[in-house]
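This briefing introduces a protein model to a reader who is new to structural description. Please consult the sequence and the structure while reading the points below.

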Amino acid sequence: MIPTRKTRSITIGDLALGGAAPIAIQSMVATPTSDLDATLAQVRLLEEAGAAIIRIAVDSKKDVQALAEIRAETGARLSVDLQENYRLAADVAPLVEKIRYNPGHLHHLEKKLPVADKVAFLVETARTHDCALRIGVNAGSLAPEYEQRFEGDPIEALVQCALEHCAMVDALGFDRYLVSIKDSDPRLVVEANVRFAAVRPDVPLHLGVTEAGMPPDGIIKTRIAFEQLLSRGLGDTLRVSLTVPFQEKGREIEVGSELIADIEAGRMRSVPPNFFDGLNIIACPSCSRVENGRFVELAQEVKRVTRDLAKHNLTIAVMGCRVNGPGETDDADLGLWCGPEKVNLKRGPESLGAFSYDEVLGAMQRALDEIIAARNGDGA
Ligand code: SF4
């Protein structure tokens, strides 16, 4: 059974969310926003799969124009995903039902303007255009000030960032918002959301395990977090993030529906033994920011060529773009983030260079050999 949630009820277009409303399952398009035919097909695919809300990334004026054309063609509830250019909110708000901003990206543009002023701009834009707002905090792109203030307690850094942004929005008299706190580790997602909800039980929660990766591991990680949170009455909407080809994005909705049905029926799955030991491949679910369609194939290849390393305690992160790729690979033993022509390879925060899509797996394997040899004490 999923207990009744204690959050306040808000609306996203004609959708009630929070409190006693059903848990809404949502997803995000993975095609370039300006590729109108592909993006409209993706919106329709997700709508047919049952997505209650469909998120689209907008990073440029060209994306705004595309979104206007997409809006004209669909009645789906749309959410816009803003990153560094938060000012685009004014252009897209008339076209969507919800705006998502990432507090960790607000410091990029207009560096001298206080973050509270930027939040005020977003809130006033949402209010003017009848939009809901999501404060979307991500571990891989947390604002540096929170990393410094809460050094040594990354979960508290995430929670405090979310709480302080809620306070800013509250101070503006706006309550039509929800919060997400995501990480690629489901155990951190559980702890962060539990801590947040203990302070702000009123704020609706959007659940997600970011960069959960490819099935089946991506589904298992998601289940671990969602089972624990939903069975405690935490979570009003959710997104299952899976690294799958864009034609298969409907799976995110199917998995989300199955998961809710299972938890409702008390069918909890046990975590496979030693699931958190050994090789961990994290991969972003891809979105319209992917600049080379080979990203998903690359993530699958990384999984294939490392299958004999299952017992090694290593994390490899594979990210689709330059927006979140550089930051979200910092904590991995090896990170790969994709550009249009080249894949950037990193060892922790250190760059190992940029390689063509054909060469990068070889470079990655050499780097892996070095890491394993160094751990075994037989050379660098
Ligand atoms: S890393 Fe880039 S491509 Fe991947 S989901 Fe995040 S923003 Fe999209």
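In strand β6, Ile 99 stands opposite Leu 133 of β7. The model discussed here is predicted. The points that follow proceed from this pair of strands to the sheet, then to the helices, and finally to the domains.

**The sheet**

- Strand β6 covers residues 98-101 and strand β7 covers residues 132-138; the two pair in the parallel sense over 4 bridges.
- Both strands belong to an open sheet of 8 strands, whose order is β8-β7-β6-β5-β4-β3-β10-β9 and whose pairing is parallel.
- The edges are occupied by β8 (177-182) and β9 (206-208); each has a single partner strand, so one side of each is left without a neighbour in the sheet.
- On average, neighbouring strands of this sheet are turned by 25° against each other, direction ignored.

**Helix α6 and its surroundings**

- Helix α6, formed by residues 154-171, lies across β7 and β8 and runs at about 155° to β7.
- The axes of α6 and α7 come within 9 Å and cross at roughly 40°.
- The two helices are therefore oblique to each other, since their angle is neither under 35 degrees nor in the range 65 to 115.
- The crossing of α6 and α7 is right-handed.
- On the α6 side, the meeting residues are Ile 155, Leu 158, Val 159, Ala 162 and Leu 163; on the α7 side, they are Leu 188, Glu 191, Ala 192, Arg 195, Phe 196 and Val 199.
- By class, this contact of α6 with α7 comprises 9 nonpolar, no polar and 2 charged residues.

**Helices α7 and α8**

- Helix α7 (residues 186-199) and helix α8 (residues 217-230) have axes that come within 8 Å and cross at roughly 20°.
- This angle makes α7 roughly parallel to α8, because angles under 35 degrees are counted in that way.
- The crossing in which α7 passes α8 is right-handed.
- Pro 186, Val 189, Val 190 and Asn 193 of α7 make the contact with Lys 221, Ile 224, Ala 225, Gln 228 and Leu 229 of α8.
- The residues of this contact of α7 with α8 divide into 6 nonpolar, 2 polar and 1 charged.

**The domains**

- The chain is divided into domain 1, residues 10-264, and domain 2, residues 280-375.
- Between the C-alpha centres of domain 1 and domain 2 there is a distance of 25 Å.
- In the contact between the domains, 21 residues of domain 1 touch 19 residues of domain 2.
- The side of domain 1 that touches domain 2 has 10 nonpolar, 9 polar and 2 charged residues.

Definitions and conventions: Residues numbered from 1 in each chain as written. Predicted model: local features only at pLDDT ≥ 70, side-chain atom pairs only at ≥ 80, totals over all residues. Pairing = 2+ DSSP bridges. Axes fitted to C-alpha atoms, helices over the stretch in contact; angles between N-to-C directions. Contact = placed C-beta atoms within 7 Å. Parallel < 35°, antiparallel > 145°, perpendicular 65-115°, else oblique. Left-handed = near helix turned anticlockwise from the far one by under 90°. Nonpolar A, V, L, I, M, F, W, Y, C, P; charged D, E, K, R; others polar. Domains from an automatic or database assignment.
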